[in-house]
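Visitor: I should be grateful for a close look at one helix of this structure and at its surroundings. Please take the account from residue to residue.

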Amino acid sequence: MKKQEVLIIESRSDQDIYDGRGEGETLKRILQLQGVNAKSIEAINEKMLIKALKVAQRENIKYVHISAHGYDRGFALTDDAIITWRDLDRLAWPILRGKCICFSSCSVGNGAEELFILHKSFCNAIIAPTRDISWGEGLVAYSAFYHRAQLREKSSIQNVKVMNHIVGAGTFRVIESPYVSHTYTIG
């Protein structure tokens with residue numbers, strides 16, 4: 001079996017769970033159809049988030065995809081705990097060093113660069129929305145992003161332009177690390 005290259009960490013609200021809304025398992029299945037091995041973990045509280053982040057330590061994980069309700073100051077877990085950028089730095093550095101973080105979380109692209117103020121080497125790059133997005137928009141946009149991430153001649157900046165073409169100009173942005181700012185080909 002191929003090693004996982006994409007780790008999906010999802011934390012839906014209790015209402016999302018009740019209504020059957022989310023993207024983790026669907027995105028995992030789409031990635032598998034594209035020949036990319038992915039793992040999806042539901043993190044309902046900080047304890048489960050820490051366990052999921054430990055999976056990200058595997059050297060073959062290149063992308064950590066966080067799907068949760070978001071804000072410019074962080075994102076929410078199922079138990080309503082807010083993980084601020086300072087909290088994420090405390091929980092995930094240096095675990096995410098050398099990875100690319102993809103957020104499917106409303107508006108986190110308006111504040112996630114704070115992670116690089118806390119640690120220049122927090123991760124290699126962050127891809128995140130700058131406005132409220134629906135689960136469907138995130139799923140469609142990231143399906144295209146990860147499909148293009150399989151092509152060596154494509155860059156993350158080009159891939160985000162395609163995401164924005166699909167769901168609306170300026171929806172997603174790339175925040176590059178001032179330390180090391182490259183992303184990876186997968187598959």
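Guide: Contact here means heavy atoms within 4.5 Å. The model is a predicted one, and the helix chosen for this account is α4, residues 85–92.

Within α4, the buried residues are W85, L88, D89, L91 and A92. An α-helix has 3.6 residues a turn, so residues three or four places apart point the same way. The buried residues of α4 pack against two helices and several strands, namely α3 (46–55), α5 (114–118), β4 (70–71), β5 (74–76), β6 (82–84) and β7 (100–104).

The packing with α3 can be described in detail. The axes of α3 and α4 lie 10 Å apart, at an angle of about 50°. Angles from 35 up to 65 degrees fall outside the parallel and perpendicular classes, and the two helices are therefore oblique to each other. The crossing of α3 past α4 is right-handed. On the α3 side the contact is made by E46, L49, I50 and L53, and on the α4 side by R90, L91 and A92. Sorted by class, this contact holds 5 nonpolar and 2 charged residues, with no polar ones.

Aromatic rings deserve separate attention. A pair of aromatic rings is described by the distance of the centres and the angle of the planes. With centres required to lie within 6.5 Å, the model has 8 aromatic pairs. In one of them, Y63 and Y146, the centres are 5.6 Å apart and the planes stand at 85°, so the pair is edge-to-face. Because Y63 belongs to strand β3 (residues 63–68) and Y146 to helix α6 (residues 135–148), this pair ties together parts that are 83 residues apart in sequence. Y63 is buried, with a relative accessible area of 0%, and Y146 is buried with a value of 0%.

Helix α4 contributes to another pair through W85. The ring centres of W85 and F103 are 5.5 Å apart with planes at 75°, so this pair is edge-to-face. Since W85 lies in α4 and F103 in strand β7, the pair joins parts that are 18 residues apart in sequence. W85 and F103 are both buried. Elsewhere, ring pairs link Y63, Y142, F145, Y146 and F172 into a cluster.

Finally, S121 lies in the loop between α5 and β8 (125–129). S121 is counted as buried because its relative accessible area is 11%, and buried means under 20%. Leaving aside residues up to four places away in sequence, S121 touches W93, R97, S177 and Y179.

How values were computed:
Residues are numbered from 1 along each chain as its sequence is written. This is a predicted model: local features need pLDDT of at least 70, side-chain atom pairs count only at pLDDT 80 or more; totals for chains, interfaces and linings use all residues. Side-chain values use heavy atoms; hydrogens and water are left out. Buried means under 20% relative accessible area, exposed over 50%, partly exposed in between (1.4 Å probe, protein chains only). Helices (H or I, at least four residues) and strands (E, at least two) are DSSP runs, numbered from the N terminus. Rings of Phe, Tyr and Trp (its six-membered ring) pair if their centres lie within 6.5 Å; planes under 30 degrees apart count as stacked, over 60 as edge-to-face and the rest as tilted. Axes are lines fitted to C-alpha atoms, for helices over the stretch in contact, and angles run from 0 to 180 degrees between N-to-C directions. Angles under 35 degrees count as roughly parallel, over 145 as roughly antiparallel, 65 to 115 as roughly perpendicular and the rest as oblique. A crossing is left-handed if the near helix is turned anticlockwise from the far one by less than a right angle, and right-handed if clockwise. Ala, Val, Leu, Ile, Met, Phe, Trp, Tyr, Cys and Pro count as nonpolar, Asp, Glu, Lys and Arg as charged, and the others, Gly among them, as polar.
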